[in-house]
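This report accompanies a single protein model. The sequence and the three-dimensional structure are shown first, and the text should be read alongside them.

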Amino acid sequence: MTVGIFQPNGGWIEVIAGVMFSGKSEELIRRVRRALIARKRVQVFKSHLDDRYNGVYAVGSHDGRSIEAIPVDSAQQIALRLDPHAQVVAIDEVQFLDAGIVPLANSLAARGRRVILAGTDTDFRGEPFGAMPHLLCAAEVVDKLHAICVRCGAPATRNQRLIGGQPARYDSPVVMVGGTESYEARCRACHVVLPADESQGKLL
Ligand code: ADP
Ligand code: ZN
């Protein structure tokens, strides 16, 4: 990880990008743990459209380790709940947040905070997800993690959406709340996006 050698005097932004199951949460938790060992004051947020909780809960990683995080739905909620004394601000699932996350992350870094952002950089179509492209540009440090393609075992860089076990069409919504979809990590060659259903348009 390049982050270890990056030690500016002021604040900065780190982005942990990559496909689902690539270990972004694990890496965010690892960095947060190390910041805590260094006696930094750390605040962790997690956005997730499907999960609604009233209180503090855990940033889970698929290997079962966890740390406490504050659930949020918007950049403004983060701004409202910010601990003014936090030296490190970490946000998981940042791809679901609105464009306001870009100026917020930049202003935190400008005010001397270390900002750690983890998120999926591409949607199920393989296209840029939400504010991720802007966050990747704003960051001083970027790491792109890979999962393992469940089809062929190659490094996976794509989120394969399946609906009823079949690849999703191009025109299905980027975020399906409460849907029956599932996801697989796949490589470029094994990633399938079916063409948009043009019959929908013709019916109008
Ligand atoms: P992310 O935050 O990127 O979705 P997590 O940190 O939550 O990833 O989980 C990563 C873990 O997921 C891995 O350590 C591994 O145990 C598990 N895993 C499940 N499926 C895969 C896969 N296809 N490739 C790699 N790891 C996988
Ligand atoms: Zn593959």
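The following paragraphs treat the metal site, the nonpolar cores, two helices and selected backbone features of this predicted model.

**Zinc site**

The zinc ion (ligand 2) is held by four protein donors, namely the SG atoms of C149, C152, C187 and C190, which lie 2.3 to 2.4 Å from the ion. The angles among the 4 donor atoms run from 102 to 118 degrees, and the site is tetrahedral. A general reference value applies here: the ideal angle for four tetrahedral donors is 109.5 degrees. Along the sequence, the donor residues of this zinc ion follow the spacing C-x2-C-x34-C-x2-C. Distant parts of the chain are thereby linked, for C149 and C190 are 41 residues apart. C149 belongs to the loop between β8 (147-148) and β9 (155-156), whereas C190 belongs to the loop between β12 (181-186) and α5 (198-203). C149 and C190 are both buried.

**Nonpolar cores**

The largest nonpolar core has 27 residues, of which I78, I91, I101, L117 and L135 touch the most other members. Two or more residues of this core come from each of β1 (12-18), β4 (66-72), α2 (75-81), β5 (88-92), α3 (101-110), β6 (114-119) and α4 (132-138). Helix α3 supplies the largest share, 6 residues. Beyond its neighbours within four places in sequence, I101 is in contact with A75, I78, I91, V94, A131 and L135. Another core lies apart from this one; it has 11 residues, including L28, A35, A90 and L145.

**Helices α1 and α3**

Helix α1 (residues 24-37) has 14 residues; at 1.5 Å a residue it should span 20 Å, and its end C-alpha atoms are indeed 20 Å apart, so the two values agree. The buried residues of α1 are K24, S25, E27, L28, I29, R31, V32 and A35.

In α3, the buried residues are I101, V102, L104, A105, L108 and A109. They cover an arc of only 165 degrees around the axis and therefore lie on the same side of α3. In general, an α-helix has 3.6 residues a turn, so residues three or four places apart point the same way. The face of α3 turned away from the buried side carries the exposed residues P103 and A110. Packing partners of the buried residues of α3 are β1, α2, β5, β6 and α4.

S107 also belongs to helix α3. S107 is partly exposed, because its relative accessible area is 27%, a value between the limits of 20% and 50%. Although S107 and W12 are 95 residues apart in sequence, their C-alpha atoms are 9.8 Å apart in space.

**Residues with positive phi**

The table lists three residues with a positive phi.

| Residue | Phi |
|---|---|
| R39 | about 60 degrees |
| E93 | near 55 degrees |
| G112 | about 90 degrees |

R39 follows α1 and is placed in the loop between α1 and β2 (42-47). R39 is exposed, because its relative accessible area of 77% is over 50%. E93 lies in the loop between β5 and α3. Neither R39 nor E93 is a glycine. G112 comes just after α3.

Methods
Residues are numbered from 1 along each chain as its sequence is written. Chains are lettered from A and ligands numbered from 1 in the order in which they are written. This is a predicted model: local features need pLDDT of at least 70, side-chain atom pairs count only at pLDDT 80 or more; totals for chains, interfaces and linings use all residues. Side-chain values use heavy atoms; hydrogens and water are left out. Donors are N, O and S atoms within 2.8 Å of the metal (3.2 Å for Na, K and Ca); water is not among the atoms, so sites may look incomplete. Four donors count as tetrahedral if all angles lie between 85 and 135 degrees; four count as square planar and six as octahedral if opposite donors are over 155 degrees apart and all others between 65 and 115; anything else is irregular. Helices (H or I, at least four residues) and strands (E, at least two) are DSSP runs, numbered from the N terminus. Buried means under 20% relative accessible area, exposed over 50%, partly exposed in between (1.4 Å probe, protein chains only). A nonpolar core is a set of buried Ala, Val, Leu, Ile, Met, Phe, Trp, Tyr and Cys residues joined through side-chain atoms within 4.5 Å. Contact means heavy atoms within 4.5 Å. The expected span of a helix is 1.5 Å times one less than its number of residues. The arc is that of the directions from the helix axis to the C-beta atoms.
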